[in-house]
Amino acid sequence: MSFQITGAVGGTKPNANMAASLEDDFEFDNQDYYSLLNVRKEATLEELKASYRRLCMLYHPDKHRDPELKSQAEQLFNQVHQAYEVLSDAHSRAIYDIFGKKGLEVEGWEVVERKRTPAEIREEYERLQREREERRLQQRTNPKGTISVGVDATDLFDRYDEDFEELPGGFPHVEINKMHISQSIEAPLTSSDTAVLSGSLSTHNGNGGGNINMTVRRVTSSKGWGEVELGAGDVLGPLVGLKVFRNLTPRCFLTAQCGLQFSPRGLRPSCSLMAARHLDQNTMGYLQWRRGPNSAMTSSLVRDTKSSHFTLALQLGVAHSYLMMSYQYKFQDEDQTKVKGSVKTGWFGTVLEYGAERKISRHSVLSASVSIGVPQGVTLKIKLARASQTYLFPVHLTDQLLPSAVFYATAGPLLLYVVVHRLLIVPYTRAQKEQELELQRKSSATDIAKKKHEAESAVLLMQESVRRVIEGEESKMGLIILNAWYGTLVSDSSRKQEKAKVIDVTVPLQCLVKDSKLILTEASKAGLPGFYDPCVGEEKSLKLLYQFRGVLHQVISADTESLRIPKQSHRIESES
């Protein structure tokens with residue numbers, strides 16, 4: 001078994017309490033000033049003023065005589081005024097863009113001088129984030145572990161060989177012939193020092209061994225770090241090592257490592273040197289030299305993009321020379337599916353490997369690959385990564401190149417995954433999402449009720465303005481919003497469910513029509529006047545049925561998608 005520990009004990013810098021407060025409170029702050037004013041996040045001061053004046057005319061308390069409407073108008077007027085005050089001031093706007101509404105209410109911003117630019121305020125925020133990360137490190141051990149179980153299943157296929165002598169009993173013999181367990185935990189000692197304790201246990205065909213290592217790493221500057229390693233094992237003996245990393249230029253770095261093993265056969269020194277350089281934005285080149293038991297020179301090229309990963313490596317050594325090429329394609333889907341293949345040839349023979357990887361839950365990734373080699377045979381490798389824990393199951397099927405072993409190693413895991421995915425994984429993840437949505441709805445029920453009341457009040461205040469807008473648009477055959485719904489849209493065959501998850505926003509949208517145009521910015525429409533979120537945590541859309549120049553049109557828009565009408569429209573038949 002192996003253990004790795006890293007810990008830190010450090011002081012708290014100024015503004016630490018402020019950063020912690022921001023971290024705890026911002027997640028539940030959904031007040032969007034940009035959406036309330038219906039302006040872009042890059043809106044100029046003139047655009048802010050135009051939107052502010054229009055909403056002031058709509059919500060000004062002096063325009064309403066009814067005491068209840070006057071009170072509601074005053075509340076909405078104050079919200080609009082507060083949004084304008086924040087966004088029209090460069091200092092406050094920079095804080096709001098980073099922290100949200102809560103950031104303006106936290107004590108401690110007096111240390112951020114008003115003469116600072118938005119870029120300087122963002123630098124202050126990044127500094128607070130670094131301090132917050134330091135405190136997080138003090139509270140976690142970041143455990144990592146690996147469990148590998150090797151299975152010898154050669155009896156499944158070798159029993160059909162002509163030279164195979166079947167033993168009495170008739171059942172194939174499958175055994176676990178090797179196992180490896182490693183574990184590590186870590187804890188920061190200071191803001192720049194980290195201690196790591198790791199260990200491992202291994203066994204193979206009845207023979208086993210283990211080791212334990214202690215590493216202390218110090219970050220010397222933004223360009224480099226160094227670490228000292230002390231280790232002990234029951235086979236190789238004590239170990240002392242030193243490793244240094246250094247950024248030579250913004251595009252090039254160097255890693256040097258040396259060690260001294262006190263083995264029963266005497267001292268065994270080793271050292272390595274690796275240089276790496278960014279060849280372009282997605283490509284890295286590596287050159288490594290090793291001196292010791294496995295002396296070799298290795299050169300590799302790695303290209304990693306959003307859709308693929310390619311590696312080409314060449315190693316020259318007395319006993320370990322090979323040429324390797326691998327390619328991985330990344331599908332742009334929700335499950336982060338990847339398919340990969342590689343070929344490796346050298347003094348040991350040739351190995352062809354192919355496989356796939358897929359995310360099966362929020363914290364779990366499952367992968368399987370088939371390795372076909374001469375003279376290694378056929379091996380199926382199954383890997384499950386769960387958070388920081390990794391489980392490996394290499395299953396050796398045969399020492400020969402048997403087509404049947406290749407077929408079953410490929411088709412078996414695929415069939416098993418389809419069955420398990422449909423019967424277990426999909427129902428589990430669906431139930432998990434529904435449970436999370438239900439918890440989110442309960443936690444935000446009070447806030448949603450408040451937003452709903454504010455939206456209904458806003459609609460009442462809009463009635464007179466909407467009447468005038470409609471009269472003006474009808475006089476010039478302009479833009480008339482006939483029906484508009486916001487929320488989770490479903491098929492027409494289930495109207496009851498649709499009514500429960502959408503709200504009628506015909507009046508709020510008609511109120512936003514100006515000069516026969518309706519313009520909505522790239523922000524959640526739940527923040528618009530007269531809107532609220534009817535289905536928290538679910539994907540929402542906006543559906544409009546409107547008339548322009550005497551012709552009916554229909555539009556369905558995603559929640560955060562910008563919308564401009566009448567330019568973006570889908571015409572439907574009209575019987576006018």
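**Rings and charges**

Guide: Y52 is buried, at a relative accessible area of 15%. The model we are reading is predicted.

Visitor: Why does Y52 count as buried?

Guide: The cut-off for buried is under 20% relative accessible area. Y52 has 15%, so it is buried. Y84 has a relative accessibility of 13%, and therefore also counts as buried.

Visitor: How many aromatic pairs does a search of the whole structure find?

Guide: The search finds 7 aromatic pairs. Y52 and Y84 form one that is stacked, with 4.2 Å from centre to centre and 10° between the planes. To read such a pair, look at the angle: planes under 30 degrees apart count as stacked.

Visitor: Which parts of the chain does the pair of Y52 and Y84 link?

Guide: It links distant parts: Y52 belongs to helix α3 (residues 45–59) and Y84 to helix α4 (residues 67–87), and the two are 32 residues apart. Another pair, Y329 and F331, is edge-to-face, with 85° between the planes and 5.0 Å centre to centre.

Visitor: Are Y329 and F331 buried or exposed, or in between?

Guide: Partly exposed is the class between 20% and 50%. Y329 is at 35%, so it counts as partly exposed. F331 is at 37%, so it is partly exposed too.

Visitor: Which residues form one aromatic cluster?

Guide: F157, F407 and Y408 do.

Visitor: Where does the charged end of R217 sit?

Guide: Here the partner of the ring is a charge. The charged end of R217 is over the ring of W225, 4.1 Å from the ring's centre. In another case, K344 lies over the face of Y322, 4.3 Å from the ring centre.

How values were computed
Residues numbered from 1 in each chain as written. Predicted model: local features only at pLDDT ≥ 70, side-chain atom pairs only at ≥ 80, totals over all residues. Heavy atoms only, no water. Phe/Tyr/Trp six-rings, centres within 6.5 Å; stacked < 30°, edge-to-face > 60°. Helix = DSSP H or I, 4+ residues; strand = E, 2+ residues; numbered from the N terminus. Buried < 20%, exposed > 50% of the residue type's maximum accessible area, 1.4 Å probe, protein only. Lys NZ or Arg CZ within 6 Å of the ring centre and 35° of its normal.
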